[in-house]
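I opened the notebook to look up three things in this structure: a pocket, a buried position and a patch on the surface.

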Amino acid sequence: MEKIAWIAYINNGRIKKLSLEFSDGEIITKDISKTQYSKAKNGYTITFDTPKITSSVKITILDAYQGAYYTDTGISGITFK
């Protein structure tokens, strides 16, 4: 991770746990603290046991690590495959 990106990563809140609610009503909770950060992808990859077909996803942050400087917690980008 580049130095500037690392400083932003440490200074801002980071997601620890989130829930994903799909259009069919199913809710899946993921513990990001158990997920390895990928330098190559500049983020985290969340995988599912089976593929999920949905028309919408509601993401709720359930828990977060406090940033060293800022009190916010944000998501800079999301990609679904």
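Before listing which elements line the pocket, I note that helices and strands are here DSSP runs, of at least four residues for a helix and at least two for a strand, numbered from the N terminus. The model is a predicted one, and I read every entry below with that in mind.

Entry on the pocket. I looked up the largest pocket and found about 1,400 Å³ of space in it. Its lining is made by 35 residues, and those nearest the centre are Tyr 44, Thr 45, Gly 77, Ile 78 and Thr 79. Helix H1 (3-11), S1 and S3 each give at least two residues to this lining, and S1 supplies the largest share, namely five residues.

Entry on Arg 14. I then turned to this residue, which lies in strand S1 (residues 14-22), and asked whether Arg 14 is buried or exposed. Arg 14 counts as buried because its relative accessible area is 19%, and the cut-off for buried is under 20%. Setting aside neighbours within four places in sequence, I found Arg 14 in contact with Tyr 9, Ala 64, Tyr 65, Gln 66 and Thr 73. I also noted that Arg 14 and Asp 63 are 49 residues apart along the chain, while their C-alpha atoms are separated by 8.8 Å.

Entry on the surface. I looked up a nonpolar surface patch of about 450 Å², to which Ile 59, Ile 61, Ile 75, Ile 78 and Phe 80 belong. Of these I checked Ile 75, which sits in the segment after strand S3 (57-65) and counts as partly exposed because its relative accessibility is 43%.

How values were computed:
Residues are numbered from 1 along each chain as its sequence is written. This is a predicted model: local features need pLDDT of at least 70, side-chain atom pairs count only at pLDDT 80 or more; totals for chains, interfaces and linings use all residues. Side-chain values use heavy atoms; hydrogens and water are left out. Patches are made of residues with over 30% relative accessible area and no salt bridge: like charges are joined within 9 Å, nonpolar side chains (Val, Leu, Ile, Met, Phe, Trp, Tyr) within 5 Å. Accessible areas come from the Shrake-Rupley method with a 1.4 Å probe; for residues, only the protein chains shown count as cover. A salt bridge is a side-chain nitrogen of Lys or Arg within 4 Å of a carboxyl oxygen of Asp or Glu. Buried means under 20% relative accessible area, exposed over 50%, partly exposed in between (1.4 Å probe, protein chains only). Contact means heavy atoms within 4.5 Å. On a 1 Å grid over the protein atoms alone, a cavity is a set of points where a 1.4 Å probe fits but cannot get out, and a pocket is an open set with protein on both sides within 12 Å along at least five of seven lines; lining residues have an atom within 4 Å of a point. Grid points are joined across faces, edges and corners, and a volume is the space filled by probe spheres set on the points.
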